[in-house]
Amino acid sequence: MLTEARSIRIKGRSFLAVVLTPDLPFEDWLVRLDDLAARSAGFFLGRPVVLDVSELGLDRVALKEMVAALGQRGVRVMGIEGARPSQLDASMPPGMVGGRPAADVEMPAADAQAQAQKPAKAQPAEVREVVAPVVRAAPSSLVLHEPVRSGQSIVFPEGDVTVIGSIASGAEVIAGGSIHVYGALRGRALAGSIGNSAARIFCRKLEAELLAIDGIYKTADDLPAELRGQPAQLWLENDAIMASRLI
């Protein structure tokens with residue numbers, strides 16, 4: 001007796017991950033990574049990380065040593081971009097390419113092939129009305145009407161994020177566009193997270209633990225002393241974060 005076959009649904013879903021792009025010599029890059037981790041505790045804790053080695057030309061042994069060195073620092077690599085298939089084995093994270101949105105995939109039932117093998121019977125023509133789906137544009141901004149508390153992580157890769165309040169120490173906001181904070185910025189703010197070098201960060205009181213625009217970061221120790229506690233804006237210029245006081 002055959003049991004009823006059921007379809008298997010495979011869902012496509014996108015996640016925002018941190019992409020690390022090491023440079024050589026790798027030991028010097030690790031020193032800078034350790035410095036970042038020391039000045040922004042918990043930045044990599046529980047965060048998915050993709051390792052981009054497309055510009056390095058590493059061999060298999062060097063790549064495995066690089067992944068091991070990151071693992072010793074608590075950086076869990078979920079995938080490697082830019083590696084050749086011959087460099088990756090079962091003990092290594094899988095190879096990845098740039099993430100793209102994916103639709104749900106409905107796998108056919110097991111008995112679909114069997115049905116296809118049966119002789120076809122003449123059927124009357126069936127006319128169906130096809131209605132095009134309504135496509136709504138994704139929101140380009142997110143407004144948070146409450147402060148972002150310590151331990152919270154707000155991720156909005158679609159556009160700007162506006163916080164009507166403060167971002168507490170230990171909290172973070174990650175935006176694909178600019179970040180506007182109408183209060184104190186004490187936690188972490190990462191703007192332009194999907195490659196937007198024109199993104200900016202604005203706040204009424206600058207006390208941030210870490211700031212980043214398009215992957216370029218600046219920690220609290222790197223901020224100008226005269227801007228601490230002041231209204232400020234930050235932007236990217238020649239791969240360096242610039243800062244000035246808001247009037």
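Helices (H or I, at least four residues) and strands (E, at least two) are DSSP runs, numbered from the N terminus. The model shown in these views is predicted.

**Figure 1. A cis peptide bond joins Leu24 and Pro25.** The omega angle of this bond is about 0°. Pro25 sits in the loop that lies between β2 (18–20) and α1. Most peptide bonds are trans.

**Figure 2. Helices α1 and α2 pack at an angle of about 20°.** Helix α1 covers residues 26–39, and helix α2 covers residues 60–72. Their axes are 12 Å apart. Angles under 35 degrees count as roughly parallel. The two helices, α1 and α2, are therefore roughly parallel to each other. The crossing of α1 past α2 is right-handed.

**Figure 3. Side by side, α1 and α2 meet through residues from both helices.** From α1 come Phe26, Trp29, Leu30 and Leu33. From α2 come Met66, Ala69 and Leu70. Of the residues in this contact, seven are nonpolar, with no polar and no charged ones.

**Figure 4. Six strands form an open sheet with mixed pairing.** The strand order is β7-β9-β11-β13-β16-β17. At the edges are β7 (141–144) and β17 (240–245), each paired on one side only. Neighbouring strands in this sheet are turned against each other by 20° on average, direction ignored.

**Figure 5. Within the six-stranded sheet, β13 and β16 pair in the antiparallel sense.** Strand β13 spans residues 201–206, and strand β16 spans residues 232–237. Three bridges make up the pairing. Phe202 stands opposite Gln233 of β16. Strands of a sheet pair through backbone hydrogen bonds, either parallel or antiparallel.

**Figure 6. Five strands form another open sheet, also with mixed pairing.** Here the order is β8-β10-β12-β14-β15. The edge strands, β8 (153–156) and β15 (216–219), each pair on one side only. In this sheet, neighbouring strands are turned by 5° against each other on average, direction ignored.

**Figure 7. Strands β10 and β12 of the five-stranded sheet run parallel.** Strand β10 holds residues 172–175, and strand β12 holds residues 188–191. They are joined by three bridges. Glu172 has Arg188 in β12 as its bridge partner.

**Figure 8. Asp214 has a positive phi, near 55°.** This residue is not glycine. Asp214 belongs to the loop between β14 (210–213) and β15. Most residues other than glycine have a negative phi.

**Figure 9. Residues 100–137 keep a pLDDT under 50.** For this stretch the model has 20 contacts beyond four places in sequence. Over the protein chain, pLDDT averages 77. A score of at least 70 is reached by 74% of the residues.

Note on methods:
Residues numbered from 1 in each chain as written. Predicted model: local features only at pLDDT ≥ 70, side-chain atom pairs only at ≥ 80, totals over all residues. Heavy atoms only, no water. Axes fitted to C-alpha atoms, helices over the stretch in contact; angles between N-to-C directions. Parallel < 35°, antiparallel > 145°, perpendicular 65-115°, else oblique. Left-handed = near helix turned anticlockwise from the far one by under 90°. Contact = heavy atoms within 4.5 Å. Nonpolar A, V, L, I, M, F, W, Y, C, P; charged D, E, K, R; others polar. pLDDT = per-residue confidence, 0-100. Pairing = 2+ DSSP bridges.
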